[in-house]
Each structure stands twice: as C-alpha cells, then as structure tokens.
Amino acid sequence: MLVEQKDFKLAQSIFKNRKLYQYAYGGDFPVDFTKRIISPSTVSIIAIQLGSYIGVEEINLLGIDNDWQSTKGYYHFYSHEKPSLEYY
C-alpha cells in the first residue's frame, strides 16, 4: 500500500498486516519513489509517476477531467493540516 509520508505512522497502526510504502512531495524528474516525488494535484498524476517509475512503456489516459481546477477552488472533505487517514 502506498501512503503519504505524513500518514505513515497512522497507516502502520491501521494496516498492520500489509506491506506499506511511503512517499513525500517535493521531488523532480526522473521520478524515484524511494525519494520525494513531484507534488500532484490529482491521483492521476501519482499514477502516471508510479507507472513511469516501474517502467511502464505506454500510459493511456481515458476520461480524466481536470477542468474543476479552473472553475472551483481546491477543496476536500478533510483538513490538509491533519493526516487524512484519521477520517477513514
């Protein structure tokens, strides 16, 4: 399971029987998930980075709609100040 670094300790207590990997933002190309990765605005960006990291040669994007970024603010149902896993 891939978990953001700020949620890693909490994830360890919730997902005790799973292998956990952590990521953090602030990286650059080439993508390396053992180091910081590029800060994404959507989960699609993380998936593209992960595909690149594991050597996927062709990535096809179907039905991804990102126009919400130009029409609305950046909102989530959880606070960005606290680990997001505590709400699940």
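## A buried glutamate and its surroundings

Glu-4 is buried but forms no salt bridge; Lys-6, the nearest side chain of opposite charge, lies 4.5 Å away. The separation exceeds the limit for a salt bridge, because that term requires a side-chain nitrogen of Lys or Arg within 4 Å of a carboxyl oxygen of Asp or Glu. The model discussed here is predicted. Glu-4 belongs to strand E1, which covers residues 2–4. Once neighbours within four places in sequence are set aside, the contacts of Glu-4 are Tyr-23 and Tyr-25.

### Overall layout

The chain contains three helices and two strands, in the order β-α-β-α-α from the N terminus. Of its 88 residues, 23% are buried. The exposed area of the chain is about 7,000 Å², with 53% of that coming from carbon and sulfur atoms. As for contacts between residues at least 6 apart in sequence, 25% link residues at least 24 apart.

The elements with stated residue ranges are listed below.

| Element | Type | Residues |
|---|---|---|
| E1 | strand | 2–4 |
| E2 | strand | 21–23 |
| H2 | helix | 43–53 |
| H3 | helix | 68–71 |

### Helix H2 and the core

Which residues of helix H2 are buried? They are Ser-44, Ile-46, Gln-49 and Gly-51. The buried residues of this helix pack against E1 and strand E2.

Ile-46 is also a member of the largest nonpolar core, together with Tyr-23, Val-31, Phe-33 and Ile-37. Tyr-23 thus appears both in this core and among the contacts of Glu-4. In soluble globular proteins, nonpolar side chains tend to be buried together.

Phe-33, another of the five core residues, touches Leu-2, Gln-22, Tyr-23, Ile-46, Gln-49, Leu-50 and Tyr-53, when residues up to four places away in sequence are not counted. Among these partners, Ile-46 and Gln-49 are buried residues of H2.

### The nonpolar surface patch

A nonpolar patch of about 800 Å² on the surface is formed by Leu-2, Tyr-21, Leu-50, Tyr-53, Ile-54, Val-56, Ile-59, Leu-61 and Ile-64. Of the patch members, Leu-2, Leu-50 and Tyr-53 are also touched by Phe-33.

After H2 comes Gly-55, with a positive phi near 90°. Val-56 sits in the loop that runs between H2 and helix H3. Why does Val-56 count as partly exposed? Its relative accessibility is 38%, and the partly exposed class lies between the buried limit of under 20% and the exposed limit of over 50%.

Methods: Residues are numbered from 1 along each chain as its sequence is written. This is a predicted model: local features need pLDDT of at least 70, side-chain atom pairs count only at pLDDT 80 or more; totals for chains, interfaces and linings use all residues. Side-chain values use heavy atoms; hydrogens and water are left out. Helices (H or I, at least four residues) and strands (E, at least two) are DSSP runs, numbered from the N terminus. Buried means under 20% relative accessible area, exposed over 50%, partly exposed in between (1.4 Å probe, protein chains only). Contact means heavy atoms within 4.5 Å. Accessible areas come from the Shrake-Rupley method with a 1.4 Å probe; for residues, only the protein chains shown count as cover. Lys and Arg count as positive and Asp and Glu as negative; His and the chain ends are not counted. Patches are made of residues with over 30% relative accessible area and no salt bridge: like charges are joined within 9 Å, nonpolar side chains (Val, Leu, Ile, Met, Phe, Trp, Tyr) within 5 Å. A nonpolar core is a set of buried Ala, Val, Leu, Ile, Met, Phe, Trp, Tyr and Cys residues joined through side-chain atoms within 4.5 Å.
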